[in-house]
Each structure stands twice: as structure tokens, then as C-alpha cells.
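Hi everyone, thanks for coming. I'd like to talk you through a structure today, so have a look at it on the screen first.

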Amino acid sequence: MATLRDILRKIGAVKKTQQITKAMNMVAAAKLRTTQGRMENFKPYAGKFAEVLGNLASGMDPGIHPLLVKKEEVSRVELLHFTADRGLCGSFNVNTVNAAQKWIKGQQDNGRDCSLTLVGKKGRDFFRKQGANITESHIQIYGMIDISFINQMTRGFITRYLSDEIDEVNMIYTRFISMAKQEPTLVKLIPIEPPQKEAETEEKAAEYLCEPSAEKLLIELLPKHICVQIYNAFLQNEVSEHAARMSAMDNATKNCSDIVENLTLVYNKARQAAITAELMDIVGGAEAITKA
Amino acid sequence: MGRLFLEIVTPEKIVVSQEVDSVVAPGTDGEFGVLPGHIHFLTGIVPGELRYNTGAGKESMAVTTGFAEVSNDKVSILVDAAEKASEIDAERARQAMERARERLGKDRRTEDIDTLRAEAAVRRAIVRIRVIEKAI
């Protein structure tokens with residue numbers, strides 16, 4: 001049985017761990033609030049954009065732009081994959097890496113080559129160890145992304161798609177559903193599948209006066225559409241990461257409390273046992289003296 | 001006559017959301033003005049100066065690329081960035097222009113992504129500077 005002092009030391013250690021997890025929980029909560037604010041601010045833009053693009057694209061021949069045309073033979077696919085830069089966020093990274101691996105395996109079973117563009121340190125470390133084909137990796141850029149960075153990234157994808165270097169671009173990011181639920185989600189970026197609208201809005205589209213022309217406008221908007229999706233993925237992924245870390249750290253704090261409680265019980269029992277043993281000693285000693 | 005509702009939205013935030021009398025914006029095919037009762041209209045926006053009249057006074061903004069939609073007296077402008085004249089940091093804009101010009105001066109033989117980016121940066125900086133100079 002552990003000595004009293006050992007148990008005390010252990011209790012102290014667990015309490016210190018608890019302080020750390022509590023602090024991490026609060027930091028994650030603060031970060032979550034700011035990123036969630038950014039996500040909310042982006043919603044009007046994304047919503048309006050989807051509306052306009054839907055109006056424009058409905059009833060238009062997909063042949064007008066190569067980004068809309070599906071390639072007949074798909075042999076090389078690109079995956080844009082998001083993970084967190086840091087761990088200690090529960091199963092967040094594991095879930096998204098598993099989803100990516102499953103997807104990659106599915107593609108390889110169909111005889112397609114897979115190359116990866118990675119965002120986040122955890123994913124990069126994992127896939128580098130796996131020896132996967134990594135085109136590019138971006139680490140520690142969360143919180144620093146702006147629209148020009150996304151534009152650049154999008155241009156890279158489009159150039160490679162148009163020069164037949166890759167035949168398809170997909171992305172996997174963790175969608176923020178609620179504080180308790182975040183889910184890895186797969187989205188096809190290129191070729192673009194424009195958001196389809198109801199028949200009722202189609203009429204409205206015809207009324208628009210477009211300058212220079214609807215086709216030209218659509219061609220300009222298509223790369224932007226990819227940007228919007230990638231930007232959205234960045235934001236969602238970041239919010240999900242903080243939410244996941246928050247609940248993971250909350251759990252850890254609770255577990256620490258449980259352990260401290262149990263250890264305190266053990267400590268009290270051990271103390272009581274020691275006192276009893278000492279009493280027995282004294283009583284035994286006293287009896288020996290009176291007998292003599 | 002009714003008034004227009006102007007909304008200028010960037011990915012970061014809603015910059016302007018208010019009633020105005022008129023809007024003048026830099027479109028792909030040249031500057032265009034919008035008054036109440038305008039036809040449904042859709043166009044691209046290029047970096048330039050966007051002006052609007054609130055009735056109480058005139059406002060001027062620097063915008064970058066994006067697009068504009070006019071429907072039912074509502075003007076929605078979606079751009080990468082939009083700054084009011086009072087929010088622009090003149091010194092920063094000048095420095096940005098200088099940096100970009102320097103980059104352009106170094107190597108003009110190849111038209112790669114960097115040159116394109118630098119050219120775009122120069123255009124943005126020029127717009128910002130022009131907007132401030134007008135405001136002063």
C-alpha cells in the first residue's frame with residue numbers, strides 16, 4: 001500500500017493538471033467566441049453570393065467554362081484536407097484524418113492517384129509519416145488567413161486543373177454543427193457543381209440586366225465561388241477545433257475532480273489505518289507493562 | 001420617390017447597411033450610378049472608388065474586386081475589401097505601393113503570379129490614396 005506522503009503527492013499532481021486543463025478550457029472558449037464571430041460575419045457574404053450565383057447559373061449551359069465541365073477520365077485527384085495545428089482536442093484530429101484516409105483508399109481502389117494539400121500541423125505530420133504524396137502544406141495559419149491568401153490558393157488549384165495536372169479537387173474539413181457535434185465533411189470543389197435553385201427563381205434571373213454579359217460574369221464568379229467555399233471551410237474548421245478542445249478540456253477537468261475525490265478517500269483510509277495501528281501499539285505496550 | 005438600401009459586404013463583416021439616395025460604383029465596364037427605381041442589374045466591381053449619398057452627406061470608399069447586384073431598390077455590393085476614406089491608413093497605402101512598385105521594377109520580363117499580384121497591389125494602393133486625397 002502506498003504511503004501517506006505518496007498519496008498526498010499524487011493528489012497535488014492531479015490538482016495541478018486540473019488547473020492546466022481548466023485554463024485550456026477557458027482559452028478555447030475565448031478563442032471560440034472570436035472565431036464564431038468571424039463565422040457569423042461571413043454568413044451574409046456567403047448567403048448573398050450563393051443566391052446570385054444560383055440565379056446566374058440556373059439555365060446556363062455548363063459547357064461555357066471548363067471549371068463546370070466534368071473531365072471524362074479522372075486519374076489524379078487532389079484533396080484539400082484540414083486538421084488542427086495542435087492536439088489535446090479530443091477525437092477532432094483523429095476523426096478527420098480517418099475520414100481522409102478512408103476517402104483516399106476509396107480513390108486508390110478505383111485506380112486514381114491522390115495528392116494532398118494539407119492545412120494544419122497534425123495532418124501534415126501524419127501524412128508525412130505515411131509517405132503520402134503531399135503537394136503543399138500550410139501550418140500555423142489559422143487566425144491569420146485573409147481573402148488574398150485564399151485567392152492565391154484557389155488560383156493554384158485552378159491553374160493545375162486547367163493544365164490537366166489534376167482532374168478533380170475535393171476537400172475534407174470539419175463542419176461545425178453544434179457545440180457538441182462536429183463532423184468531417186467532404187466537398188467537391190472542382191469541377192464546380194453550382195447550387196441549384198428552384199424554378200421560381202429562374203424567372204427572376206432572366207430579368208437581370210448583366211454587364212458585361214451573364215456568361216462573362218459567371219466566369220468571373222466561378223473562381224470566387226471556390227474561394228468562398230474554402231474560406232468557409234477554414235472558418236468552420238477553426239470553430240470546430242476550439243469547440244472540440246473546449247469539451248475535451250471540460251471532460252478532463254471533471255475527470256481530475258473524480259480522481260482527486262477517489263485519492264482523498266484512499267488517503268483518509270490510509271491515515272485512519274495508521275492511527276489504528278499506532279493505538280494498537282500503545283495499548284499492546286501498556287498491557288505488557290501492567291502484566292509485568 | 002423611395003430610397004435605396006445599400007449593403008456593402010466583405011467576407012470579414014458588413015461594412016455598410018443603410019438607406020441612401022444614390023450610389024456610384026466602379027463596374028467592370030466603367031463607373032455606373034444607381035438611383036431608386038433602377039432596373040435589376042448585375043455587374044462585376046473592379047478596384048476603385050465607390051461613392052454614395054446618404055442625404056445627410058456624401059461618403060466615399062475604396063473597394064477592391066467583387067460584384068454588385070441591384071434588385072428592388074436594394075443595392076448589394078460584395079467585395080473582398082472595402083474601407084471608408086476615414087479608415088484608410090495613408091502611410092500604409094503609400095508603403096504598400098512602394099513595395100509593390102519595387103517588386104515590379106526588379107523583373108518585368110516574366111509575367112508570373114508574383115508580377116500579377118504586385119500589379120494588383122499597386123492598383124489597390126492607388127485607389128486608396130486617391131480616395132483619401134479626395135476626402136482631405
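**Where the chains and domains meet**

Let's start with one pair of residues: Leu209(A) has Phe41(B) as its bridge partner, in strand 5 of chain B. Before going on, please remember that this is a predicted model.

Now zoom out a little from that pair. Strand 6 of chain A and strand 5 of chain B, residues 41-45, run parallel, and three bridges join them.

So how many residues are in contact between the two chains? On chain A there are 19, and they touch 21 residues of chain B. Which elements of chain A give two or more residues to that side? Strand 6 (209-211), the one we just met, is on the list, along with helix 1 (4-57), helix 4 (147-162) and helix 6 (214-291). Helix 1 of chain A gives the largest share, with seven residues. If you sort this side of chain A by class, you get 13 nonpolar residues, five charged and one polar.

Okay, over to chain B by itself. The domain assignment splits chain B into domain 1, residues 4-85, and domain 2, residues 88-135. Their C-alpha centres are 23 Å apart. In the contact between them, domain 1 of chain B puts in nine residues and domain 2 of chain B puts in ten.

On the domain 1 side of that contact, strand 6 (48-53) and strand 7 (58-63) of chain B each supply at least two residues. Strand 7 of chain B has the largest share, three residues. And the classes here? On this side of domain 1 of chain B we have four nonpolar, three polar and two charged residues.

Conventions
Residues are numbered from 1 along each chain as its sequence is written. Chains are lettered from A and ligands numbered from 1 in the order in which they are written. This is a predicted model: local features need pLDDT of at least 70, side-chain atom pairs count only at pLDDT 80 or more; totals for chains, interfaces and linings use all residues. Domain bounds come from an automatic or database domain assignment. Two residues are in contact if their C-beta atoms, placed from the backbone, lie within 7 Å. Helices (H or I, at least four residues) and strands (E, at least two) are DSSP runs, numbered from the N terminus. Ala, Val, Leu, Ile, Met, Phe, Trp, Tyr, Cys and Pro count as nonpolar, Asp, Glu, Lys and Arg as charged, and the others, Gly among them, as polar. Two strands pair if DSSP finds at least two bridges between them.
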